[in-house]
Amino acid sequence: MTQPDLTWIDTALTGARPQVVGALLRYFRNLDTAEEAFQEACLRALQKWPVNGPPRDPAAWLIMVGRNFALDEARRKTKQQELPDDEVISNLDDVEAPLAERLDNSQYRDDVLRLLFICCHPELPNTQQIALALRIVSGLTVKEIARAFLVSEAAMEQRITRAKRIVTNADVPFEAPGAPERAQRLATVASMIYLVFNEGYSASGGEVHVRVPLCEEAIRLARLLLQLFPAEGEIMGLLALLLLQHARAPARLDANNNIVLLEEQDRSLWDRKMIAEGLALVDKALRQRRVGPYQVQAAIAALHAQAQRPEDTDWKQIDQLYAVLESLTASPVVTLNRAVAVSKVAGPEAALAMIEPLAGRLDGYFHFFGVRGGLLMQLGRNAEAREAFDRAIALANTAAEAAHIRMHLDRLQEDGATATAAPSSTRLATGSPRRTD
Amino acid sequence: MLYAIICYDSEAVVNSWSKEKDDAVMADHQAVMAKIAARGKLGPVARLMPTTTATTVRPGRQFTVLDGPFAETKEALLGFYLVDCESLEEAVEYAKQLANEGGAMEVRPVMFSNVTLGKTGSDAQ
């Protein structure tokens, strides 16, 4: 007899996880209790669902079962130990409410937001925020997360434990947040999701340049957030941006894992379905006329996605959008990216003049020297270009980045050897985190 | 009689599908579509983008335009088929073949359509 296919249960449990853990956290105000209760509820689902079929609302089912389990546990323990504080088991009346209790969407919404928000603790460095969110919200195993970050399982385990300890002691209010507080949480969480994506889009270390699972997880989290806050233009923009960037993933590396820049990518490999959804979201967001950084970045990505061929790219509009982005979030990295558009519209000299003042602030930034080298090369200033590329290699984050710059250096070498004129068709490396490769 | 077969499922679940899984589900649907089309009974088929892309327009003294789907439900409308069937029985049979991934299919007779099916109708798919 063959085993029946039970992957649907797995998918349902994964899909319900943020809601369920978020709700259990609200009841028990303790992350470990919430996670343990969720685990137990999953085990029971694996026993019951194959026999009874899926419940109509899997999340509500899991919350009830998890809640009852944690309560039983607490009662069992109280027989041996002294009673826990009321703080520890909050809302006892609420917990004992009948199974039919309506869990309305707005409550779910704040539960999930809170769960994401506690991962964004300011004391945690970015990578730990990401790791924690992947563990707690997405439910990836420590092993999976360790693999994504290319560290040992033991090291990741330690990192997550430490991060958990910090957030457990943090004072996150469990009451429903007010509107300004909610907006602030939303912005913090959005930028954390963006970090998850960036970590996957351009890995911060090691041999692997793109980590697709991290990108996909970020997209899933952005979708979740937008479902909870469907009218938020910036969350639409965030999801659109991630979809439009990730759509190019199949074309970004060649068979030998070398970086393929936007202009040289095989555009037939781009994921059209993701692009269509991204474009739809950009359209929808821009209708609101409340512009924000994610929307602008998504609009830029949309212009790239819409160009059938590289030469069809509307660089003029991209330049204008970068100007808007600069006014919203003044950052040398944004200006660096704008310079790439400027080089297309007004030539490499203008672009170079634009980035020279950034040299001080982007002194340790790989892409600054990549772009600078590219511009100098276009201008035939090969010695200076070589110098910039050497700096870039020293600052490269991944093997693929270093290899890519080495390719430019090789071209310069050839040019030097044959004493040809300055190459005018050399491609530019563009800057992260909104790189267009 | 023309029937609509309307597909509902939890978006949280559908959005968690891997690309391979999604492709496999679409391939299953394509196979059933081919079968119905071979009998000349298949009308338009549509899969809708996620509800996060939806905009709802409600009439009133002034039109209200809302970001989001028409109704917030646990299970979202994912897509639909129009199928020309002899009986409800036959429509339910097709719906069963399509509903192999959890979720639910609602079968509802069509009151009006600008599509005519039958001998000449739907060989073009």
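Start by selecting strand E6 of chain B, residues 104-109, in this predicted model; the strand is hardly covered, and the count of buried residues among its 6 residues is 0. Keep E6(B) highlighted and add strand E1 of chain B, residues 2-10, which pairs with E6(B) in the antiparallel sense over 6 bridges. To see one place where residues of this pair face each other, pick B:Ile5, which stands opposite B:Val107 in E6(B).

Next, show both chains together and look at where they touch: 17 residues of chain B are in contact with 20 residues of chain A. On the side of chain B that touches chain A, select helix H1, residues 11-16, since this helix of chain B gives the most to that side, with 5 residues. If you then colour that side of chain B by residue class, you will find 5 nonpolar, 8 polar and 4 charged residues.

Now move to chain A and select helix H6, residues 126-136, together with helix H8, residues 153-169, whose axes come within 9 Å and cross at roughly 90°. Because angles from 65 to 115 degrees count as roughly perpendicular, this crossing makes H6(A) roughly perpendicular to H8(A). Turn on the side chains where the two helices meet: from H6(A) come A:Gln128, A:Ala131, A:Leu132 and A:Arg135, and from H8(A) come A:Met156, A:Arg159, A:Ile160, A:Ala163, A:Lys164 and A:Val167. Coloured by class, this contact of H6(A) with H8(A) shows 6 nonpolar, 1 polar and 3 charged residues.

Note on methods
Residues are numbered from 1 along each chain as its sequence is written. Chains are lettered from A and ligands numbered from 1 in the order in which they are written. This is a predicted model: local features need pLDDT of at least 70, side-chain atom pairs count only at pLDDT 80 or more; totals for chains, interfaces and linings use all residues. Two residues are in contact if their C-beta atoms, placed from the backbone, lie within 7 Å. Helices (H or I, at least four residues) and strands (E, at least two) are DSSP runs, numbered from the N terminus. Ala, Val, Leu, Ile, Met, Phe, Trp, Tyr, Cys and Pro count as nonpolar, Asp, Glu, Lys and Arg as charged, and the others, Gly among them, as polar. Axes are lines fitted to C-alpha atoms, for helices over the stretch in contact, and angles run from 0 to 180 degrees between N-to-C directions. Angles under 35 degrees count as roughly parallel, over 145 as roughly antiparallel, 65 to 115 as roughly perpendicular and the rest as oblique. A residue is buried if 20 or more other C-beta atoms lie within 10 Å of its own, exposed if 12 or fewer, and partly exposed in between; C-beta atoms are placed from the backbone. Two strands pair if DSSP finds at least two bridges between them.
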